[in-house]
Amino acid sequence: MAIKRRATTFLALSMTTALLVAGCGGGGESEAPAESELYKNPVTLTWWHNASQDGPGKEYWAKVAKDFNALHPTVTIEVEGIETNQLQRTRLPAALLSNDPPDIFQAWGGGEIREQVEADYLKDITDQVKDEVANIGSAVEIWQVDGKQYGLPYRMGIEGIWYNKDLFQQAGITAPPATFDELNDAVTKLKAINVIPIAVGAGDKWPAAHWWYNFALRACSVDTLRKASLENNFDDQCFVKAGQDLKAFIDTEPFQPNFIATPGQNDPTSANGLLANGKAAMELMGDWNKGTLDTVTEDQEALNKFIGWFPVPAITGSAGDPKAALGGGDGFACAKNAPAECVEFLKYIVSPEVQKGYAETGTGLPVAKGAEDGVKDPALKSILEATTSATYVQLWLDTAFGSTVGNAMNDAIVAIFAGNGTPEQVVEAMKAAARK
Amino acid sequence: MTSTNPTLDLAGGASAPPAGPRPARRSSARAAQTRRKWYEIIGLSTPAVIVYVMFVLVPMGFAFYYSLFRWRGVGPPTDYVGFDNYVLAFQDPIFIDALRNNAIIVFGSLLIQGPIALGVALLLNRNFRGRALFRLLAFVPYVLAEVTVGIMWKLLLSDAGTVNAMLESVGLGSLVQAWLADLDVVIWTMLAVLTWKYVGFAIILLLAGLSNVPQELNEAAAIDGASWWQIQRHVTLPLLGPTIRIWMFLSMIGSLQVFDVIWVTSVPAVRSLGASATMATYMVDNGFFARLWSYGNAVAVILFAISFVAAVLFQRFLLRRDIEGAITRRAN
């Protein structure tokens with residue numbers, strides 16, 4: 001194998017040399033210049049983000065790139081928005097394997113960034129971003145590997161239950177449920193007025209899997225969850241308990257019929273569509289949900305009026321921290337050989353002013369202190385408050401455990417939803433995937 | 001892959017030494033002619049061969065190479081595991097489901113599309129007003145993009161969709177199904193959508209075949225007192241044999257590799273439970289979404305091997321008569 005690797009290295013080296021000789025290498029290939037050399041030579045940064053659809057998100061990133069160029073005329077930024085799945089599953093892995101990855105690109109943190117660091121793809125930015133890290137707070141940990149910073153988030157939020165206030169009122173539910181017993185009560189009351197208590201987009205797998213994540217968060221201690229993320233160790237019985245609790249919950253039939261084929265978002269037949277159009281009363285979803293509800297609603301004004309948000313209820317007498325929440329975010333990272341200006345641009349993206357502008361687009365919650373004023377929507381405001389007051393934010397389990405374990409876990413959870421899987425099989429599938 | 005075999009045979013046939021002894025004085029001119037012919041063959045085929053090697057053979061070689069590792073597409077592959085990925089695939093019940101689904105689609109397509117296409121083609125081959133319009137209509141689904149077809153049927157077949165509403169309104173409420181959610185039904189729904197999509201292709205092929213059946217034979221049979229049915233059964237159908245066999249071949253290979261219609265029409269959860277997975281969707285779900293790149297490559301190689309063996313067997317036993325003479329042997 002050693003010979004083969006050396007051959008590959010040689011090939012890579014000679015190709016790089018050839019590119020440099022041909023003048024295609026650009027300024028980006030050189031070693032990181034000292035601080036004083038910043039902005040001296042013209043550089044072009046390529047930036048891949050996932051706001052691919054026309055809308056406020058994509059427009060805002062274009063503006064950010066233009067503004068940075070106005071501040072630092074030596075830096076030109078080539079922006080490309082690529083659909084999330086395509087970006088994460090094919091474009092980015094392939095580009096990182098080649099010798100010409102984008103300079104700055106979407107990074108989801110967790111197990112994935114760990115693999116990327118192990119393959120030496122990313123720039124260690126620990127020393128350059130100390131101020132930004134201090135301003136953002138504990139959310140940055142998701143983009144850390146072994147205590148070193150490799151990326152920074154621009155969006156972060158916890159998930160909770162989006163609900164229809166009008167339907168709650170009609171069903172005689174006075175306050176949002178704070179415990180699962182109260183949630184079960186609410187489900188019964190909503191059934192009595194003939195609406196779907198909870199919509200779940202199990203067809204897309206992850207919206208269903210998130211229910212299991214929340215049961216795991218309630219059943220497992222924070223230490224167990226940390227250990228599971230770092231070592232892929234799933235021996236603790238709490239992971240089986242999560243499946244048992246989920247099964248008991250599904251048996252109360254809180255979801256719409258045939259949920260196994262219901263997509264999560266983006267069309268009127270999706271779980272999102274059911275909530276947005278008043279057919280379902282609740283949906284478990286992340287902080288981005290306001291934006292996706294807007295795209296499928298038939299009556300925007302009514303939606304704005306009835307939509308509310310509350311944190312996932314606690315389970316009485318469980319081992320987990322009742323104030324802990326599941327969450328996740330979006331960030332950016334710089335490629336190993338990206339020019340030093342890349343880090344400057346990353347710092348610019350997470351600066352309070354840019355973050356405030358991002359919050360004003362309504363596409364997600366900002367992470368930097370000083371950007372809170374940009375959040376106008378009342379539902380988003382309550383998420384921001386809950387995020388700040390959460391004692392522990394656990395990253396989405398499929399992201400935290402890495403795609404391989406995450407995918408196997410989601411598949412096995414979906415099998416429970418379909419009625420042909422067991423709680424034990426989820427843990428077995430996770431362990432088997434960790435070995436693959 | 002399959003299309004190259006005739007080409008190779010053709011080249012082999014072309015290079016066969018000329019039969020019979022030649023006068024000595026003509027041999028040098030003859031040799032020069034042969035040489036020039038070879039230059040032509042090499043010169044004209046080289047670009048195509050290079051493209052073929054670069055974009056077909058080399059990637060196939062890489063797929064096989066990567067399939068022997070435990071590799072998630074991060075960094076170079078180093079963890080050599082031999083044929084473990086192949087063993088894992090055949091141990092995964094979902095992959096076995098995918099194989100079963102592919103078998104259902106291969107045989108279901110042949111058994112359902114074949115008779116329909118034959119019947120419609122025989123009808124459309126007769127002279128009547130509006131024949132061109134009906135031919136066009138039969139072919140429209142095939143021309144539509146797979147993704148368009150997938151989304152269209154996904155909406156039509158949803159629980160509150162048009163199909164169920166139509167069944168209700170004509171008093172067939174008992175037939176209402178969760179077409180895309182019932183795990184026992186969904187593969188048959190997929191088969192129906194695929195049939196709708198591809199039957200037009202079979203019809204057009206058979207119509208082309210029918211236009212090659214000499215009218216004289218039909219007339220001769222009619223003069224001998226054969227009825228329309230007898231003419232179809234004993235004259236047209238045998239002459240249509242080569243076309244039917246070619247269509248069966250194309251349908252089989254297409255069914256083994258079917259991906260897009262299933263990917264779009266059937267949601268990820270139903271696929272991952274094995275209810276509607278095919279080898280190709282299983283490959284993408286595992287290779288890209290579970291980030292098991294080397295495992296995905298192993299599945300790709302298995303898919304290729306199965307298609308290749310099926311193609312070779314089909315050519316060897318069923319297409320032999322059709323290819324022989326026309327392609328493999330030099331016409332006299």
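The following paragraphs describe the fold of chain A, the domains of chain B, the contact between these chains and the largest nonpolar core in a predicted model.

Chain A contains 19 helices and 12 strands. Its radius of gyration is 23 Å, close to the 22 Å expected from the globule rule for 436 residues, so chain A is as compact as a globular protein of that length. Along the principal axes, the C-alpha atoms of chain A occupy a box of roughly 75 × 50 × 35 Å. Half of the chain, that is 50% of the 436 residues of chain A, counts as buried, and among contacts in chain A with a separation of 6 or more, 71% link residues that are 24 or more positions apart.

For chain B, the domain assignment gives domain 1 (4-15 + 24-66) and domain 2 (87-323), and the centres of these two domains, taken over C-alpha atoms, are separated by 35 Å.

Where the two chains meet, 24 residues of chain B are in contact with 28 residues of chain A. On the side of chain B that touches chain A, α12 (268-272) and α13 (279-289) of chain B each supply at least two residues, with α12(B) giving the most, 4 residues. The residues on this side of chain B comprise 16 nonpolar, 5 polar and 3 charged.

The largest nonpolar core holds 192 residues, of which I104(A), A216(A), C334(A), L346(A), M409(A), I413(A) and V299(B) touch the most other members. Helix α8 (residues 186-211) of chain B provides the largest share of this core, with 11 residues. When residues up to four places away in sequence are not counted, M409(A) touches A209(A), L397(A), D398(A), F401(A), V426(A), A429(A) and M430(A).

Technical notes. Residues numbered from 1 in each chain as written. Chains lettered and ligands numbered in written order. Predicted model: local features only at pLDDT ≥ 70, side-chain atom pairs only at ≥ 80, totals over all residues. Contact = placed C-beta atoms within 7 Å. Nonpolar A, V, L, I, M, F, W, Y, C, P; charged D, E, K, R; others polar. Domains from an automatic or database assignment. Core = buried A, V, L, I, M, F, W, Y, C linked by C-beta atoms within 7 Å. Buried ≥ 20, exposed ≤ 12 C-beta atoms within 10 Å, placed from the backbone. Rg over C-alpha atoms; globule rule 2.2 N^0.38 Å.
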